[in-house]
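Here are a few short exercises on helix packing, confidence and salt bridges. Have a look at the structure, try each task yourself, and then follow the worked solution.

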Amino acid sequence: MADDIMTFDEILEDPTYKSEFDRRVTKALSTVQAKLDAEIKKSSGMKSSEDFSALEEELNKSKTELGKLKQEKYVLSKGLTGEEAEFIAFKAGKMVDDKTTFEQAVDALTADRKKTSFDWTAPVGGGTQKTGENDVMNALIRGALK
């Protein structure tokens, strides 16, 4: 009876058994590989190509918005407000090309812009200079603001 028992290697010497064994091993490896791939995909958070393109589009929108905010900040740093700031930003946007940056365009548009200034030392009231204690202190304060 001990002679009738074949070893595993002896069984695989038969081409029919060997091909069946190879087929089953290949199928088991494919199943395990598919499960591992699914687990890796799930654990690493990989997205499908549609999700990737949606994320890429969102990234591009965010970059565009960031660029606009930087431009707006630069225009506001020049002391422009309201409609004037919008107009300068619009004109500068039209001037931007390969050689001119947005900042250069804003600088060019605001270079000859006159800034409003107030002369705080001008006499108030009737135009005559007053010599009271409060009047002298007010004149000192107004002079310091100049």
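**Exercise 1.** Work out how helix α4 and α5 are oriented to each other, and which residues make their contact.

*Solution.* Start with the geometry: in this predicted model, helix α4 (residues 82-95) packs against α5 at an angle of about 125°, and their axes lie 8 Å apart. Angles of 65 to 115 degrees would count as roughly perpendicular and those over 145 as roughly antiparallel; α4 and α5 are therefore oblique to each other. Next comes the handedness, and this crossing is right-handed. Now list the partners: α4 contributes Ile88, Ala89, Lys91, Ala92, Gly93 and Met95, while α5 contributes Phe102, Ala105, Val106, Leu109 and Thr110. Sorted by class, the contact of α4 with α5 has eight nonpolar residues, two polar and one charged.

**Exercise 2.** Repeat the analysis for helix α3 and helix α5: what is their packing angle, and which residues meet?

*Solution.* Take the angle first: helix α3 (residues 49-77) and helix α5 (residues 102-110) pack at about 25°, with axes 11 Å apart. The cut-off for roughly parallel is under 35 degrees, so α3 is roughly parallel to α5. Handedness follows: α3 passes α5 in a right-handed crossing. On the α3 side the contact uses Gln71, Tyr74 and Val75, which meet Phe102, Glu103, Val106 and Asp107 in α5. These residues divide into four nonpolar, one polar and two charged.

**Exercise 3.** Find which element has the highest mean pLDDT and which the lowest.

*Solution.* Begin with the whole protein: its mean pLDDT is 80, and 82% of its residues reach 70 or more. Then go element by element: α5 has the highest mean, 87, whereas helix α6 (residues 133-145) has the lowest, 78.

**Exercise 4.** How many salt bridges does the structure hold, and how far apart in helix α2 are Lys18 and Asp22?

*Solution.* The count is five salt bridges. One step further, the side chains of Lys18 and Asp22 meet in a salt bridge at 3.9 Å, N to O. Finally, place the pair: Lys18 and Asp22 are four residues apart in helix α2 (residues 15-44), so about one helical turn separates them.

Notes:
Residues numbered from 1 in each chain as written. Heavy atoms only, no water. Axes fitted to C-alpha atoms, helices over the stretch in contact; angles between N-to-C directions. Helix = DSSP H or I, 4+ residues; strand = E, 2+ residues; numbered from the N terminus. Left-handed = near helix turned anticlockwise from the far one by under 90°. Contact = heavy atoms within 4.5 Å. Nonpolar A, V, L, I, M, F, W, Y, C, P; charged D, E, K, R; others polar. pLDDT = per-residue confidence, 0-100. Salt bridge = Lys/Arg side-chain N within 4 Å of Asp/Glu carboxyl O.
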